[in-house]
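The following report describes selected backbone and packing features of one structure, going from a strand and its partners to a helix pair and then to unusual backbone geometry.

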Amino acid sequence: MHAENIQGLDILELNWLLDHHATKAAHRQRVVDDLNLQPGDVVIDLGCGPGLWSTMLAEKVAPHGKVIGIDYDARYIEYARQHVKDHSLASLIEFRHGGFEDMTIEGECYDFIFSSGCSPYIKKILPFLKKQQCIVKPGGRIADRSWDDGLFIFHPIDLALTTKVISGIAQARIDRPDSEYFDNYFGRQSNGLFKQLGLHAVESRSYAVQLVAPLSPVAKRYITGNARWYATVTAPYLSATEHQQWLSHFDVGSPNYILNSPDFYYAMLEVLTIGTVAPAETNAETKESH
Ligand SMILES: C[S@@+](CC[C@H](N)C(=O)[O-])C[C@H]1O[C@@H](n2cnc3c(N)ncnc32)[C@H](O)[C@@H]1O
């Protein structure tokens, strides 16, 4: 993976996504297994970013299916194209650049839409989900994999400090301007939103992703990136001392560094929600009954 080739790409952000993916590889395989995709399915990987899930999805729909990765960040699409071109299933994968809301993709025939970590960025979430519902064929499914910051554990860090960080994240969600909209608590909402849309057989599955000592270098980078992001988000709600203390736990040069502690324990919560678009017969029945 050669991120340096893409001009203007936020290498820090991309590298964090790559570390994130590698750290959770086994967990992500479980999520993809749980989608129950079938060979031949045509799948959209919505908000595909660098396309890391796209190849995993392609393995499930091979040999005749298709995966279409969509992202509004052209640099990610370029990276995804470069990264996937030598993959054995490259011919099954296509990447399209654009904001999903503005894309004209009706009229095509999709069995499944998978979206990972994209919904938390979408302020007008119901129309965003509704569009997914409309472009999936009757009996097809849509799935959201997001996380929920109501549960995370960084041990051993003082519990009072962790609680302040958690409360800062919740407050930042309220205080952020619309231009920086982000919902750290989407995981808990997807089930209700899918039902509100009228999707059938809505099911959610929660995954507690845990990482324990000894940590691999890639896991340390992922956790450090995550913790620094929380530090940035919560800086306005912590005292300077608390902010510094939190950061010192992830600074390898500090005596407070926790990522080499033999009792280190990290956990976070991910939520996968899947719903089915009404089969054609149900649509017909609904029309008849009106
Ligand atoms: C946190 S990243 C997740 C990337 C990838 N799905 C993964 O899990 O590694 C969220 C991605 O959603 C994309 N995105 C957000 N809103 C979008 C929209 N309205 N249309 C298309 N892509 C969008 C962003 O550009 C970003 O690449």
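In this predicted model, Pro63 is found in the loop between α3 and β2, and a cis peptide bond with omega of about 10° joins Ala62 to Pro63. The strand that follows this loop is a convenient place to begin.

**Strand β2 and its partners**

Strand β2 comprises residues 66-71, and six of its six residues are buried. In a regular strand the side chains alternate between the two faces of the sheet. For β2 both faces are covered, with Lys66, Ile68 and Ile70 buried on one side and Val67, Gly69 and Asp71 buried on the other.

Strand β1 (residues 42-46) pairs with β2 in the parallel sense over five bridges, and β2 is joined by five bridges to strand β3 (residues 93-97), which also runs parallel to it. Gly69 of β2 takes part in both pairings, since it is the bridge partner of Asp45 and stands opposite Phe95 in β3. Helix α3 (residues 52-61) makes a right-handed β-α-β unit with β1 and β2, and helix α4 (residues 74-84) makes a right-handed β-α-β unit with β2 and β3.

**The α2 and α3 pair**

Helix α3 also packs against helix α2 (residues 25-34), their axes coming within 10 Å and crossing at roughly 40°. Because angles under 35 degrees count as roughly parallel and 65 to 115 as roughly perpendicular, this crossing makes α2 oblique to α3. The crossing of the two helices is right-handed, and the contact is made by Arg28, Gln29 and Val32 of α2 together with Met56, Leu57 and Lys60 of α3.

**Backbone geometry**

Most residues other than glycine have a negative phi, and most peptide bonds are trans. Two residues with a positive phi are set out below.

| Residue | Phi |
|---|---|
| Asn36 | about 55° |
| Ala201 | near 45° |

Asn36 lies in the loop between α2 and β1, whereas Ala201 is found in strand β6 (residues 200-212). Are these residues buried or exposed? Asn36 has 12 other C-beta atoms within 10 Å and is therefore exposed, and Ala201, with 9 C-beta neighbours inside 10 Å, counts as exposed too.

Besides the bond before Pro63, the peptide bond from His155 to Pro156 is cis, with omega near 10°. Pro156 is found in the loop between β5 (136-155) and α6 (159-175).

How values were computed. Residues are numbered from 1 along each chain as its sequence is written. This is a predicted model: local features need pLDDT of at least 70, side-chain atom pairs count only at pLDDT 80 or more; totals for chains, interfaces and linings use all residues. A residue is buried if 20 or more other C-beta atoms lie within 10 Å of its own, exposed if 12 or fewer, and partly exposed in between; C-beta atoms are placed from the backbone. Helices (H or I, at least four residues) and strands (E, at least two) are DSSP runs, numbered from the N terminus. Two strands pair if DSSP finds at least two bridges between them. A crossover is right-handed if, with the strands pointing away from the viewer, the path from the first strand over the helix to the second runs clockwise. Axes are lines fitted to C-alpha atoms, for helices over the stretch in contact, and angles run from 0 to 180 degrees between N-to-C directions. Angles under 35 degrees count as roughly parallel, over 145 as roughly antiparallel, 65 to 115 as roughly perpendicular and the rest as oblique. A crossing is left-handed if the near helix is turned anticlockwise from the far one by less than a right angle, and right-handed if clockwise. Two residues are in contact if their C-beta atoms, placed from the backbone, lie within 7 Å.
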